[in-house]
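Please open the model in your viewer and keep the sequence panel beside it. The tour goes from the whole chain to single residues, with something to select at each stop.

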Amino acid sequence: MINFKTIIRIIGILLLLETVMFLVCSSVSFYYRESDMLDFWKAGGITAGIGLLLAALGKGGERQLTRRDGYVLVSFAWVAFSLFGMLPFYIGGYIPDIADAFFETMSGFSSTGATILDDIESLPHGILFWRSMTQWIGGLGIIMFTIAVLPIFGVSGLQVFAAEASGPTHDKVHPRIGITAKWIWSIYTGITTLLVCLLMLGGMDWFDSICHAFATTGTGGFSTKQASVAYYNSPYIEYVISIFMFISGINFTLVLLFVNRKFKKFIGNAELKFYFGSVVLFTAVIAIVLYYTSPMGMEESFRKSLFQVISLQTSTGFATDDYMQWTPVLWGLLTIIMLMGACAGSTTGGLKCIRMVILTKVSRNEFKHILHPNAILPVRINKQVISPSIVSTVLAFCFIYISIIVIGTLLMMAMGVGAEESMGCVISSIGNMGPGLGETGPAYSWNALPDAAKWLLSFLMLLGRLELFTVLLLFTPDFWKRN
């Protein structure tokens, strides 16, 4: 039986936290003397009212969450945060269409970064700050933040962590999951703060520095400029953001090991090696092709290649150049990068490198089995044997992931969207990337898409952010059975 009372109560508390975020954004509006301050107050009043009502209705619920409760809570919380998070856009008339407003907000909280806005600079500072904050909060996870707070209310956060955490395995560096969450959030905040300082040294003002730091560490990609990072035309800023996007693509439990000076485990991690190696390989190949097929010099070819590879592999989606103007073979390479993603346990999207490592080793073992049919060949990662159940889960995940891309692309084409744009939008949405292909590439917004396509892509963003199974389980009849 689903513990709806406790779930409703926690969602109510989450909405109260969202109200506090609205108030923070209203203080930015007050600083700049802009009228959107009232829009945040109105949105905050509605959100706080519903939050208090849900918290009251949920009193008396059980204090222990089951695994099924965790799946329901995570999925509903993300939808609730997006529904109420769109209020400042909608109430202020900055995004007057509900489909557009929900799409923009889900894109933020899922750290996708796709936008329907065609004139970002015209928005007031408070709204721009809210767009960036949605990515920062959504990047590491609303629920990851919440499980650090749940013990205060006598509720276990372990089942929530299992439902929200990305990747086939869920690493804990401390037996108490709440303490793990607090450590990770501390590092997350520290990286963001350091990046703000470095961006200000590069000439950004404090507002743009904070917004871009939020979008970088959250691997979201919302910029305060329509031209994204290309607006600044600064090699320093491009290199700094590239480095911090790469760091944000690393498993945060690995970052904890690095902070705790366990360098051997950090450097020897198989997924990190694959991640680093793929960035180096794709950057080198694309830089060489750019050097010989474009007017760019050697340094610029390397810089543009490095930035775009890391931006897409970490699903950040920042742009310093319109890669649709590059030679077409590079579109294919960048699409592969978009599908791969970075490390599990990070703020990124995509299939994740750990799954690529497992698939590579499974494939290699199959060749060995052909030569040695009776050999027992376990899959080992970091000197540990991966259980057959995890291998089958990875295979199932990849099959479902590709199937959804095919089905989603066909549905988009049925709505009248071009084949190139359909495939790009679907891969970008489920991988939480941001830019797509064709007329939905980095030089364009997604505003021209039909409303039905925006709702579909919003759903795919949620699917990708919560690793498919968390959401898809809710559509299976067995999930809702009493036993």
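What follows is a tour in four stops, starting with the whole chain.

This is a predicted model, in which local features need pLDDT of at least 70 and side-chain atom pairs count only at pLDDT 80 or more, while totals for chains, interfaces and linings use all residues. Residues are numbered from 1 along each chain as its sequence is written, and side-chain values use heavy atoms, with hydrogens and water left out.

**The whole chain.** Select the protein chain and show it as a cartoon, where you can look for 21 helices and two strands; these are DSSP runs numbered from the N terminus, a helix being H or I over at least four residues and a strand being E over at least two. The radius of gyration is 22 Å, close to the 23 Å that the globule rule gives for 483 residues, so the chain is as compact as a globular protein of that length; the radius is taken over C-alpha atoms, and the rule is 2.2 Å times the number of residues to the power 0.38. Along its principal axes, the C-alpha trace spans about 65 × 60 × 50 Å.

**The core.** Of the 483 residues, 58% count as buried, a word that stands for under 20% relative accessible area, with exposed being over 50% and partly exposed in between (1.4 Å probe, protein chains only). Now select Phe129, Trp130, Tyr275, Met412 and Leu457, which have the most contacts inside the largest nonpolar core, a set of 138 residues. Such a core consists of buried Ala, Val, Leu, Ile, Met, Phe, Trp, Tyr and Cys residues joined through side-chain atoms within 4.5 Å. Staying with Tyr275, and leaving aside its neighbours within four places in sequence, you can find Met245, Phe246, Gln313 and Cys353 among the residues in contact with Tyr275, where contact means heavy atoms within 4.5 Å.

**Helix H12.** Select residues 252-259, which form helix H12; six of its eight residues are buried, so this helix is largely enclosed by the rest of the structure. The buried ones are Phe252, Thr253, Leu254, Val255, Leu256 and Leu257. After H12 comes Arg261, with a positive phi near 65°.

**Phe307.** Finally, select residues 298-313, helix H15, and pick out Phe307 within it. Is Phe307 buried or exposed? Phe307 is buried, with a relative accessible area of 0%. Show Tyr239 as well: it is 68 residues from Phe307 in sequence, yet the two are 7.4 Å apart in space, C-alpha to C-alpha. Not counting residues up to four places away in sequence, Phe307 touches several others, including Val229, Ile241, Met245 and Phe318.
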